Protein chains: 2
Amino acid sequence: MNISQTATETGLSAKTIRYYESIGLISQTRRKTNGYRDYEATDLKQLKFLCRARDFGFSIEDCRVLLSLYQNPERKSAEVHELVEKKLQDVDQRIRELQSMRSLLDKLISDCPNDTQPECAIIDSMAGREPLANINTGNLPAKLTGHEANG
Amino acid sequence: MNISQTATETGLSAKTIRYYESIGLISQTRRKTNGYRDYEATDLKQLKFLCRARDFGFSIEDCRVLLSLYQNPERKSAEVHELVEKKLQDVDQRIRELQSMRSLLDKLISDCPNDTQPECAIIDSMAGREPLANINTGNLPAKLTGHEANG
DNA sequence: TGTAAACCTTACACCTGGAGTAAGGTCAAG
DNA sequence: CTTGACCTTACTCCAGGTGTAAGGTTTACA
């Protein structure tokens with residue numbers, strides 16, 4: 001089977017399949033007499049496996065390990081478990097970081113007057129100034145007083 | 001002030017500062033007679049601003065816009081507000097994606113026996129097989145019966 | 001005065017995980 | 001015979017820098 005059909009069936013692009021071969025994630029593909037790559041059922045399984053593993057968020061290097069476990073009938077499920085557990089912790093860590101960032105952004109937004117004036121708590125905050133603290137606009141909403149509760 | 005001290009004070013690396021100059025995020029830096037870059041107070045403020053904006057998750061291109069707003073005394077706070085609002089939505093989207101990935105990983109983990117045997121629901125799942133479905137190990141826990149509820 | 005360390009400069013390669021493009025060979029249909 | 005779809009390799013490019021090389025400058029110390 002040619003690479004294009006293989007791409008369609010595995011969910012990867014032809015480009016990606018060639019790339020995986022070039023970095024040794026999959027082994028050199030058998031060629032037809034015309035030089036075209038020729039894939040068969042076991043190759044398709046392997047590539048589908050890789051596509052799913054990538055969808056699960058595993059890096060290429062993780063995939064190398066997962067693939068070797070996939071192909072090793074003497075694997076211990078605990079080895080796989082450990083790898084996935086580690087990945088889960090990575091994902092949790094990234095979620096926490098993003099949530100932290102999210103709450104910072106949310107605070108910026110709620111402090112910004114969102115009008116046609118240049119005074120902006122967002123700019124002030126990023127500039128390291130006290131947001132709006134020393135600017136006497138005379139009509140600051142009360143929400144600014146809730147500021148210190150979030151330090 | 002030399003670049004090294006500037007890096008220390010702004011929270012960026014010297015490498016990063018040169019990089020920002022090379023891509024035009026900051027303008028060409030004044031040089032001393034020996035060719036060394038020479039930074040002063042306003043440069044430090046600008047670089048600190050960039051460091052914070054990056055910490056908030058803004059891309060370099062976002063930073064270009066934020067910096068121009070920062071330096072424009074006729075800005076409207078609503079413009080800044082909109083940019084930050086958009087960023088917040090991006091972050092929310094990424095959090096949702098990661099949470100979705102997280103729940104998939106979590107399910108994989110709970111389905112894996114985590115022992116010394118090769119039978120592994122994680123591998124099966126990534127291989128596109130029914131996890132453990134056709135494997136008669138004889139001692140599968142009841143949790144596997146709950147599997148079809150998630151198709 | 002010598003010299004070694006610590007600083008500075010530019011320029012290039014490298015990282016992830018591919019995507020885009022060029023230049024050319026092959027194959028099937030009309 | 002040509003057209004278009006497919007295939008090949010090889011190269012560049014993306015973000016946002018980091019690492020390293022090769023060399024110039026400055027400072028401290030003996």
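How far is an N or O atom in the side chain of K15(B) from a base oxygen of DNA strand D? In this predicted model, where local features need pLDDT of at least 70, side-chain atom pairs count only at pLDDT 80 or more, and totals for chains, interfaces and linings use all residues, the distance is 2.6 Å. Side-chain values use heavy atoms, without hydrogens and water, while residues are numbered from 1 along each chain as its sequence is written, and chains are lettered from A and ligands numbered from 1 in the order in which they are written.

The base contact of K15(B) is a polar contact, a term for a pair of N or O atoms within 3.5 Å; within protein, one must be able to donate a hydrogen and the other to accept it, and residues adjacent in sequence count only if both atoms are side-chain atoms. Y36(B) also reaches a base of strand D, with a side-chain N or O atom 2.8 Å from a base nitrogen. The side chain of R31(A), in turn, places an N or O atom 3.1 Å from a phosphate oxygen of DNA strand D. Altogether 19 residues surround this strand, the closest being S4(A), R18(A), K15(B), T16(B) and R54(B); a residue is near a strand if one of its heavy atoms lies within 4 Å of it. Sugar and phosphate make up 70% of the strand D atoms that come within 4 Å of the protein. α2(B) provides the largest share of the surface near DNA strand D, 4 residues. Helices here are DSSP runs (H or I, at least four residues), numbered from the N terminus.

And DNA strand C? Here, too, 19 residues surround the strand, and the closest are K15(A), Y20(A), Y36(A), R54(A) and S4(B). Of the strand C atoms within 4 Å of the protein, 72% belong to sugar or phosphate and the rest to bases. A polar side-chain atom of Y36(A) sits 2.8 Å from a base nitrogen of DNA strand C. Phosphate oxygens of this strand are approached by the side chain of T16(A), with an N or O atom at 2.9 Å, and by a backbone N or O atom of I60(A) at 3.5 Å. Two or more residues of the surface near DNA strand C come from each of α2 of chain A and α1 and α2 of chain B, and α2(A) gives the most, with 4 residues.

The two protein chains can be superposed by a rotation of 180° with 0.0 Å of shift along its axis, at an RMSD of 0.3 Å, fitted by least squares on the C-alpha atoms of residues with pLDDT of at least 70 in both. The copies are thus related as by a two-fold rotation axis. Within chain B, I95(B) comes closest to that axis, its C-alpha lying at 3.1 Å.

In helix α1 of chain B (residues 3–10), I3(B), T6(B), A7(B) and T10(B) are buried, that is, under 20% relative accessible area, with exposed over 50% and partly exposed in between (1.4 Å probe, protein chains only). Their cover includes α2 (14–22) and α3 (41–55) of chain B. Just after α1(B), G11(B) has a positive phi of about 90°.

Most residues other than glycine have a negative phi. N114(A), however, has a positive phi near 60° and is partly exposed, at 39% relative accessible area. N114(B) likewise has a positive phi, of about 60°, and is partly exposed at 38%.

Note on methods. Contact = heavy atoms within 4.5 Å.
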